[in-house]
Amino acid sequence: MLDPTAETRRKTYKRLYRLFDRATPLPVDCGAVCGKACCAGDEKTGMLLFPGEETSLPVFESEAGRVAVCGGTCRRSERPLACRIFPFLPLPDENGRIRAVPDARAVPVCPLARLARDVRFSRRFLRRVKKAGRILMRDPECAAFLQKLGDEQNELRTLGTLLQDGEQTE
Ligand code: SF4
Ligand code: SF4
């Protein structure tokens, strides 16, 4: 695999964004029930950008990577990829197959992430999250990024299980 140029990446993100122009986690506006909790960040929180993803929003560097901050509003057409796929991540499993996985970091914020097992998500949306993952995996830097996110998710889940186990034994 060759490292893509900035122009190739620009086209790729445009294509990825289009996947989510109409595909949302639920067939209805989930923001109506939670008051758009995922958009209620501040200047210290935001959405992690994918490698090479450009944005017109202000960006700061964090340990996890570049983070876009928005002040709670944006033009819908300019939402970063992370906002479009929230609260899911496309993560490779041990066989390299992409799965749409609820983002463990979203649990404190998003009721859909908390209740993921009981929610009937839009199948179209989930298929598109997986498709986005397959497209990202063709870019070596994005593939490494997803792998790292997957490792972090596993750690968070393990930690969550340990905490739950701890709560149960007290
Ligand atoms: S926090 Fe979750 S339920 Fe609320 S708008 Fe965001 S994705 Fe939808
Ligand atoms: S960029 Fe837009 S969609 Fe994403 S968190 Fe901010 S207001 Fe919400």
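Visitor: Which residue of strand 5 stands opposite F88?
Guide: Happy to start there: this is a predicted model, in which local features need pLDDT of at least 70, side-chain atom pairs count only at pLDDT 80 or more, and totals for chains, interfaces and linings use all residues. Residues are numbered from 1 along each chain as its sequence is written, while chains are lettered from A and ligands numbered from 1 in the order in which they are written. Strand 4 (residues 88-92) and strand 5 (residues 98-102) run antiparallel, joined by 5 bridges; helices (H or I, at least four residues) and strands (E, at least two) are DSSP runs, numbered from the N terminus. Opposite F88 in strand 5 stands P102.

Visitor: Which residue in the hairpin of strand 4 and strand 5 takes a positive phi?
Guide: This hairpin has 5 residues between the strands. The positive phi, near 80 degrees, belongs to G96.

Visitor: How many residues of strand 4 are buried?
Guide: A residue is buried if 20 or more other C-beta atoms, placed from the backbone, lie within 10 Å of its own. Strand 4 is mostly covered, and the buried count out of its 5 residues is 4.

Visitor: What is the strand order of the open sheet?
Guide: Two strands pair if DSSP finds at least two bridges between them. Strand 1 (47-48) and strand 2 (59-62) are the edge strands, each pairing on one side only. Strand 3 (residues 65-68) runs antiparallel to strand 1 through 2 bridges, with V67 opposite L48. The order of these 3 strands is 1-3-2.

Visitor: Is helix 1 roughly parallel or antiparallel to helix 5?
Guide: The axes (lines fitted to C-alpha atoms over the stretch in contact, with angles from 0 to 180 degrees between N-to-C directions) of helix 1 (residues 6-19) and helix 5 (residues 123-136) come within 10 Å and cross at roughly 170 degrees. Angles over 145 degrees count as roughly antiparallel. Therefore helix 1 and helix 5 are roughly antiparallel.

Visitor: Which residues of helix 5 make the contact with helix 1?
Guide: Contact requires C-beta atoms, placed from the backbone, within 7 Å. Helix 1 offers T12, R15, L16 and L19, and helix 5 answers with R128, K131, A132 and I135.

Visitor: Which elements give two or more residues to the shell around ligand 1?
Guide: The shell takes residues whose C-beta atom, placed from the backbone, lies within 6 Å. For ligand 1 there are 13, the closest being C30, G31, C34, C38 and C110. The elements are helix 2 (31-34) and helix 4 (111-114).

Visitor: And which residues surround ligand 2?
Guide: Here too there is a shell of residues to look at. Its members are C38, C39, M47, C70, G72, T73, C74, R79 and C83.

Note on methods:
Angles under 35 degrees count as roughly parallel, over 145 as roughly antiparallel, 65 to 115 as roughly perpendicular and the rest as oblique. Two residues are in contact if their C-beta atoms, placed from the backbone, lie within 7 Å. A residue is buried if 20 or more other C-beta atoms lie within 10 Å of its own, exposed if 12 or fewer, and partly exposed in between; C-beta atoms are placed from the backbone.
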